[in-house]
Amino acid sequence: MARLEESRISGPGDGKVVYIPPMEPWGARFFAAVFRHAGYDARALAEDAASLALGLKHTGGGECVPCPSTTGALLAAMERDGVDPDRVIFFMPTACGPCRFGQYAKLDRLIFEKKGWNKLQIMSPSAENAYEGLDAGARILLYHALILSDIMRKFVHRVRPYEVEKGSTDRTVEDYTRLVEDALVAGDKARIADLVREAARILTSLPKRAECRPLIGVVGEIYVRCDPFLNGDLCRRIEELGGEAWLAPIAEWVLYTNHLRNLLLKEQGQGAGAIAERVRVWLETHLFFRRIEHKYYQLASPILDDRREHPIDRVMEAGMRFLPWQFEGEALLTLGRAALFVRRDGARAIVNASPMFCMPGTITTSIFPSLERELGVPVVCNFYDGSGNPNQGLTPVLHYAVEACRSKSASSQPAHAFEREGA
Ligand code: SF4
C-alpha cells in the first residue's frame with residue numbers, strides 16, 4: 001500500500017485542514033497564512049505541557065523531544081477542534097540521512113494508523129515529490145514567510161532588551177505580525193514590504209535605554225533553538241539576565257541544503273546534466289534566495305543593519321576547521337556560526353541549544369571545548385527535553401559578561417547602535 005505521506009495533495013485546498021508544527025512562533029503562523037493563500041484551512045499548532053505529555057504517551061520515550069512535541073500538538077489540536085482525521089493534513093518536512101529527523105513522519109504515520117486514521121495525510125514538500133503539488137506561487141511565498149519570520153524575531157531580539165516601556169516591542173511586533181499574516185493570505189508582496197518598512201520605522205522610534213548588553217550568540221539544533229516552549233524561553237531569559245540574543249536564522253537551513261547540493265554535484269556530478277543542475281542551483285541561490293533576503297533586510301533598516309547574516313559558504317568554511325563538509329548536517333553550521341558570532345559580531349558568549357540525545361548536538365558539545373579555548377568566550381551547551389529549568393547555567397556566564405560589558409562601556413562608546421539612541 002502506498003504510504004500517504006508520499007502521495008501528493010491534489011487541487012488547491014481540497015477542503016482539508018493543514019496543521020503546521022510550532023517550531024518557531026512567527027514561522028508557524030506565516031506558513032499557515034501561505035497555506036490559507038493556497039486554499040487550505042491552515043492552522044498553526046501550539047504546544048504546552050499537556051500537549052507534550054500527550055505526545056510522549058504516543059511515542060516510545062527515546063525520540064528527540066521535537067518528535068513527541070509536534071505529535072502531541074497535533075493530537076491536542078485535533079481533539080480541541082473536533083476535526084475529522086480524514087480531512088487533516090499534517091505538515092511535517094522530512095530528510096534522508098542518519099539523523100532521526102527523517103523518522104518523524106514515519107513514526108507519525110504508524111501512530112495514525114494505530115488510531116485507525118489511515119486517511120490522515122502527512123505533507124513533506126520537497127523536489128522529490130514535486131513539492132506535494134504546491135504551485136510555484138505558494139512555494140515562493142513560503143520562502144518569503146521563512147525570511148519574514150527571521151526578520152520579525154530579530155526585530156524583537158534587537159529592540160526589546162532596550163525598551164523603556166515594558167511590552168512595547170512585543171505589542172508592536174504582534175500588531176505587524178497580524179498584518180503580515182493577512183497580506184500573506186492575500187499574496188500581496190507589495191503590502192508585506194510596506195509593513196516591514198513601517199514596523200522598522202515604528203520600532204526605531206520607540207524610546208530605548210542606553211545600556212551596554214553583551215551579545216549572546218544562540219546556535220544549535222534548529223527546532224529547539226527556535227522554540228521558546230521547549231527551550232525555556234531561552235532568548236527572553238538571556239535578556240532578563242542582562243544580555244541581547246542573536247539567534248541563528250531558520251533560512252540558514254535552506255541556503256545550506258542548496259549549497260551542499262552544489263558541492264555534491266561538483267564532487268560527484270559528471271556531464272552536461274550535472275553542469276546544468278549546478279547552474280540552476282547557483283541561479284536559485286543568487287537570484288532568488290539571496291535577493292529576497294537582501295530585500296527584507298534593506299526594508300528592516302536601520303534596526304537590523306548590524307544583524308545581517310553571514311553568507312552560508314563562510315559559515316560552512318568556519319565549521320570545516322572541525323568537520324569536513326561531507327559530514328552533512330547541523331553540526332557544521334553550529335560550529336561555524338558560533339565562530340563567526342564571536343569573531344565578526346563580537347558575541348561575548350555562545351549558547352548551543354540541542355534536544356536531549358540529539359546526534360549533532362552531542363557531536364558539537366564534544367568539539368566546543370577546543371573552540372571555546374580558541375575564541376576566548378564561554379560556550380554553554382544546553383540539552384532540552386521540555387522539563388526542569390535548563391537555563392540555570394546561564395546565570396553566572398551572563399553575570400560576568402554583563403559586568404565586563406558595563407565596565408568597558410564606562411570607559412568607551414557603547415557597542416550597539418540602540419545604546420546610542422537611548423532616551
Ligand atoms: S537534529 Fe538532533 S533533535 Fe533533530 S532529529 Fe536529528 S538527532 Fe533529533
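Q: Where does Asp 233 lie, and what makes this place a loop between helices?
A: Asp 233 is in the loop between helix H8 (222-226) and helix H9 (234-240). Helices (H or I, at least four residues) and strands (E, at least two) are DSSP runs, numbered from the N terminus. Residues are numbered from 1 along each chain as its sequence is written. The model is predicted: local features need pLDDT of at least 70 and side-chain atom pairs count only at pLDDT 80 or more, whereas totals for chains, interfaces and linings use all residues.

Q: Why is Asp 233 called partly exposed?
A: Asp 233 has 14 C-beta neighbours inside 10 Å. A residue is buried if 20 or more other C-beta atoms lie within 10 Å of its own, exposed if 12 or fewer, and partly exposed in between, with C-beta atoms placed from the backbone. The value of 14 falls in between, so Asp 233 is partly exposed.

Q: What is notable about the phi of Asp 233?
A: Phi of Asp 233 is positive, at about 50°, although the residue is not a glycine. Most residues other than glycine have a negative phi.

Q: Which value of phi does Phe 357 have, and why is Phe 357 assigned to its exposure class?
A: Phe 357, in the loop between S7 and H14, has a positive phi near 70°. With 14 C-beta neighbours inside 10 Å, Phe 357 counts as partly exposed.

Q: What makes the peptide bond from Ser 301 to Pro 302 cis?
A: Omega is near 5° for this bond. Pro 302 is found in the loop between helix H11 (271-299) and helix H12 (312-319).

Q: How do you know that the span of helix H5 is close to the expected one?
A: The expected span is 1.5 Å times one less than the number of residues. For the 24 residues of H5 (136-159) this is 34 Å, and the helix reaches 35 Å from its first C-alpha to its last.

Q: Why is H5 called largely enclosed?
A: Of its 24 residues, 19 are buried, so H5 is largely enclosed by the rest of the structure.

Q: What makes S2 and S4 edge strands?
A: An open sheet of four strands has the order S2-S1-S3-S4, with parallel pairing. Strand S2 (41-44) and S4 each have a single partner strand, so one side of each is left without a neighbour in the sheet. The twist averages 25° from one strand to the next, taken between axes that are lines fitted to C-alpha atoms, with angles from 0 to 180 degrees between N-to-C directions.

Q: How do you know that S1 and S3 pair?
A: Two strands pair if DSSP finds at least two bridges between them. Three bridges join strand S1 (residues 17-20) to S3, so the criterion is met. Val 18 has Ile 89 in S3 as its bridge partner.

Q: Why is the ligand said to lie between two domains?
A: Domain 1 (16-134) and domain 2 (211-249 + 311-423) both give residues to the shell, so the ligand lies between them. These bounds come from an automatic or database domain assignment. The residues around the ligand include Cys 64, Arg 100 and Glu 330; such a residue has its C-beta atom, placed from the backbone, within 6 Å of the molecule.
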